[in-house]
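Colleague: Could you take me through one small part of this model and show me how it sits in the rest of the chain? I'm new to this, so plain words please.

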Amino acid sequence: MAERDELRRLTDRGREEAEATGRLLAGWNLPSPRVYTSRYLRARETAGILAARLGSAEPAVLEGITPDDDPRTAWRRLAPLCVPGVTPVVATHMPLVGALI
């Protein structure tokens, strides 16, 4: 039986990509980065890597930003995070990301 999507772990490649992204973002010296994630395991793992690289607090889990969620719902969850002086960094999924961009 296939593993449930929300329980899948990062692959080695996914971990390498998260580390590379974390290094890149850390080099940008983002003001007050705050990491957010979906509840899916691989997104939480990615968010943990990003938070460690950015020196950010423990990632906050947001509902409504999984691959199956409506992009309008996701936008309503994410928009309030955009406040002056804080840089939200979000670990979420395709196709949601593609629909939000």
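Here is the close look I'm after, followed by the reply.

Where is Ala 43 placed, is Ala 43 buried or exposed, and which residues is Ala 43 in contact with, leaving aside its neighbours within four places in sequence?

Modeller: Sure, just keep in mind that this is a predicted model. Let's begin with the whole chain and then zoom in. There are 4 helices and 3 strands, and going along the sequence they come in the order α-β-α-β-α-β-α. The radius of gyration is 13 Å, close to the 13 Å that the globule rule gives for 101 residues, so the chain is as compact as a globular protein of that length. If you drew a box around the C-alpha atoms along the principal axes, it would be roughly 45 × 30 × 20 Å. Of the 101 residues, 36% are buried.

Now for your residue. Ala 43 belongs to helix α2, which covers residues 41-54. Its relative accessibility is 3%, and buried means under 20%, so Ala 43 counts as buried. What does Ala 43 touch, once you skip the neighbours within four places in sequence? The contacts are Thr 37, Ser 38, Ala 91 and His 93. Val 90 is worth a look too: it lies 47 residues from Ala 43 along the chain, yet their C-alpha atoms are 9.0 Å apart.

You can set that beside a figure for the chain as a whole: of the contacts between residues at least 6 apart in sequence, 72% link residues at least 24 apart.

Note on methods. Residues are numbered from 1 along each chain as its sequence is written. This is a predicted model: local features need pLDDT of at least 70, side-chain atom pairs count only at pLDDT 80 or more; totals for chains, interfaces and linings use all residues. Side-chain values use heavy atoms; hydrogens and water are left out. Helices (H or I, at least four residues) and strands (E, at least two) are DSSP runs, numbered from the N terminus. The radius of gyration is taken over C-alpha atoms; the globule rule is 2.2 Å times the number of residues to the power 0.38. Buried means under 20% relative accessible area, exposed over 50%, partly exposed in between (1.4 Å probe, protein chains only). Contact means heavy atoms within 4.5 Å.
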